[in-house]
Amino acid sequence: GRLASHRDSPRRGCGFLPPTLLGQIPESIRPTEFLEGHLRPASDAALVAAKLSLPEDLAQKATKQAKRLNDLRTTLGPYAKKRRDSSFARYPVTRVVRGCLR
């Protein structure tokens, strides 16, 4: 579908879904979609990059990024499994609500 084609697109930019596509993903599976569709591939690629024969400064950066992404996966993975009923994304405060808060 549209989501898979966006994920596989070489022009996907930073890897995150634009808001128009994000709204098409049911809220209950958004954390899993983010972890499996975006974070896991980035983490796997960073691990491969960290194992390459690179100049010292670049190797250090790759190792640091691989650790950061793996730590993020380790932290968010169990949280996403526990909270399958809802997303951990915050809802924006709408204009109507902001008007009522004044």
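**Helices α3 and α4 and the second largest pocket**

The crossing of α3 and α4 is left-handed, in what is a predicted model.

Reader: At what angle do α3 and α4 pack, and are they roughly parallel or roughly antiparallel?

Author: The axes of α3 and α4 lie 8 Å apart, and the packing angle is about 155 degrees. Angles over 145 degrees count as roughly antiparallel. The two helices, α3 and α4, are therefore roughly antiparallel.

Reader: How do the residues of the contact of α3 with α4 divide by class?

Author: On the α3 side the contact includes Phe34, Leu35, Leu39 and Leu47, and on the α4 side Leu69, Leu72 and Leu76. Charged residues take part too, among them Arg40 and Asp44 in α3 and Arg73 in α4. By class, the division is 15 nonpolar, five polar and three charged.

Reader: Which element gives the most to the lining of the second largest pocket?

Author: The second largest pocket holds about 210 Å³ of space. Ten residues line this pocket, and the closest to its centre are Leu35, Glu36, Arg40, Gly77 and Lys81. Two elements, α3 (30-50) and α4 (56-82), give two or more residues to the lining. With five residues, the element that gives the most is α4.

Reader: How many residues of each class are in the lining of the second largest pocket?

Author: Glu36, Arg40 and Lys81, which are among the residues closest to the pocket centre, count as charged. Leu35 is nonpolar and Gly77 polar under the same scheme. For the whole lining, the counts are three nonpolar, two polar and five charged.

Key:
Residues are numbered from 1 along each chain as its sequence is written. This is a predicted model: local features need pLDDT of at least 70, side-chain atom pairs count only at pLDDT 80 or more; totals for chains, interfaces and linings use all residues. Side-chain values use heavy atoms; hydrogens and water are left out. On a 1 Å grid over the protein atoms alone, a cavity is a set of points where a 1.4 Å probe fits but cannot get out, and a pocket is an open set with protein on both sides within 12 Å along at least five of seven lines; lining residues have an atom within 4 Å of a point. Grid points are joined across faces, edges and corners, and a volume is the space filled by probe spheres set on the points. Helices (H or I, at least four residues) and strands (E, at least two) are DSSP runs, numbered from the N terminus. Axes are lines fitted to C-alpha atoms, for helices over the stretch in contact, and angles run from 0 to 180 degrees between N-to-C directions. Angles under 35 degrees count as roughly parallel, over 145 as roughly antiparallel, 65 to 115 as roughly perpendicular and the rest as oblique. A crossing is left-handed if the near helix is turned anticlockwise from the far one by less than a right angle, and right-handed if clockwise. Contact means heavy atoms within 4.5 Å.
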